[in-house]
Amino acid sequence: MRYVSTRGSAPALGFSDTLLTGLASDGGLYVPEQWPALAAPTETGSSRSYVDIAVDVMAPFVAGSLNPDELRGLAAEAYATFDHPEVTPLVQLDDTTWILELFHGPTLAFKDVALQLLGRLFDFELGRRGERVTIVGATSGDTGSAAIEACRDREAMDVFIMHPRGRVSDVQRRQMTTVDADNVFNIAVDGTFDDCQDLVKAMFADEAFRRSCRLSAVNSINWARVMAQTVYFVVASERLVGRRSPLTFAVPTGNFGNVFAAHGARSMGLPVNRLVVASNHNDILTRLFTTGTMEIREVTATLSPAMDIQVSSNLERLLFEVGGRDGAALADAMLRFREDGEMSLAPESLATLGETWSAARVDDEQTLSTIADVHASTGMTVDPHTAVGIAAARAVGSPTGTPVVVAATAHPAKFGDAVEKATGRRPALPERLADLFERPEIVTELPADLAVVEDFVRARTRVQ
């Protein structure tokens with residue numbers, strides 16, 4: 001398997017080099033040279049373990065870098081850290097809707113599914129090469145804690161995670177800043193998530209800094225993240241319909257990696273009727289999918305902070321595919337988008353997306369009412385991001401008889417204030433995190449200034 005950049009001028013790489021490189025040298029994101037096909041479903045498919053399905057789905061992506069036994073060992077270790085035997089269980093919400101619970105990992109968010117594996121992939125490959133890397137990442141809340149948990153105390157890597165100061169929940173922040181590990185550094189940036197993400201991209205674009213610090217990425221700009229997330233969409237289909245009839249997936253969407261993973265599964269042959277992009281007040285993606293134009297506006301803080309984003313990095317991967325995989329044209333379009341703050345799709349591209357994609361905007365009032373309604377009607381408690389997904393799915397609808405699966409991206413206790421406001425009850429953290437608010441925090445506040453952040457990283461990384 002080879003990987004190519006969405007901007008067309010970086011060299012094609014195998015999986016291991018794609019893993020360690022993260023962002024392509026031309027500023028693009030790596031995607032498979034071609035999508036592999038899923039094996040045909042078996043009669044006993046629904047009883048297969050998560051690890052069995054994961055190995056089948058991911059083996060073609062790592063071909064030439066890991067053999068199936070190596071992949072199985074790493075996957076088995078990664079998913080042994082989850083507190084549910086099914087890893088990502090399905091729970092029925094109503095006659096046509098299921099919730100895909102993605103929050104049973106160590107940090108209670110869907111990011112654990114990919115990052116518990118990613119940390120082990122890094123460790124395996126770096127150990128084989130006898131190398132070390134500096135990992136830099138930006139988080140709107142959940143990626144940071146999941147990356148830290150996956151990479152903490154690992155000798156071959158130092159981890160620098162930036163979050164927007166004051167724009168993540170208290171639980172999200174403390175899950176990052178209370179980790180006491182020599183290789184972990186938390187940076188609270190005076191700005192938005194987009195500022196944090198721009199700093200990461202700028203560090204990768206600084207070739208001298210990138211080489212001297214041996215930068216790598218754990219954000220969903222890293223292809224391995226998306227690869228690992230395709231698995232649970234296949235798992236959901238296999239368990240619910242044996243992969244024999246189509247589903248609709250509704251995905252709360254910020255940086256677009258999770259819903260692009262669903263698109264990846266569909267590109268591999270998974271029967272998917274429609275993908276619903278669920279946005280909060282920061283609705284640049286909804287505007288794109290409904291009007292064909294996206295325009296950068298000011299980021300507004302909401303009850304679903306992981307989605308408080310204007311520039312969704314992984315959208316570039318979809319635009320690459322919709323635009324006929326023309327890297328040069330996309331590179332030019334992305335440059336103009338960052339200069340002008342606006343981009344419009346060709347009419348034929350918008351029409352193509354309209355055939356299988358939908359989008360809906362859900363504001364804070366709708367989010368609270370959905371949390372309250374779900375709790376009152378089912379007794380189930382959902383976090384605000386999942387509520388956005390449920391409300392969007394209801395707004396868009398689904399063809400008659402097609403089951404709808406909503407990705408539940410976080411444990412409700414991570415957003416206790418919003419849940420309590422909606423239901424009158426505050427969800428408890430799991431026992432292992434019961435003392436989270438008593439633990440000391442370790443964090444450095446920095447401005448959204450590239451030179452300042454680079455100096456901070458350079459002074460602390462152990463890469464020589």
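1. A good place to start is T6. Setting aside neighbours within four places in sequence, T6 is in contact with G28, L29, V31, E316, R317, F320, G327 and L330. Please keep in mind throughout that this is a predicted model.

2. Where does T6 sit? This residue belongs to the loop between strand 1 (3-5) and helix 1 (15-21). T6 counts as buried because its relative accessible area is 0%, and the cut-off for buried is under 20%.

3. One of the contacts of T6 deserves a second look on your screen: the side chains of T6 and E316 are joined by a polar contact of 2.6 Å.

4. Now to the nonpolar interior. The largest nonpolar core has 104 residues, and F15, Y79, F249 and F256 are those with the most contacts inside it. Helix 9 (residues 223-241) supplies the largest share of this core, with 12 residues. Another core lies apart from it and has 25 residues, including A138, F185, A217 and I221.

5. For a closer view of F15, leave out residues up to four places away in sequence. F15 then touches M1, Y3, F61, V62, S65, L66, L121, W223, A224 and M227.

6. Finally, how many residues of helix 6 are buried? Six of the eight residues in helix 6 (residues 170-177) are, so to speak, under cover: the helix is mostly covered. The buried ones are V171, Q172, R174, Q175, M176 and T177. Their packing partners are helix 5 (142-151), strand 6 (157-164) and strand 7 (184-190).

Notes:
Residues are numbered from 1 along each chain as its sequence is written. This is a predicted model: local features need pLDDT of at least 70, side-chain atom pairs count only at pLDDT 80 or more; totals for chains, interfaces and linings use all residues. Side-chain values use heavy atoms; hydrogens and water are left out. Buried means under 20% relative accessible area, exposed over 50%, partly exposed in between (1.4 Å probe, protein chains only). Helices (H or I, at least four residues) and strands (E, at least two) are DSSP runs, numbered from the N terminus. Contact means heavy atoms within 4.5 Å. A nonpolar core is a set of buried Ala, Val, Leu, Ile, Met, Phe, Trp, Tyr and Cys residues joined through side-chain atoms within 4.5 Å. A polar contact is a pair of N or O atoms within 3.5 Å; within protein, one must be able to donate a hydrogen and the other to accept it, and residues adjacent in sequence count only if both atoms are side-chain atoms.
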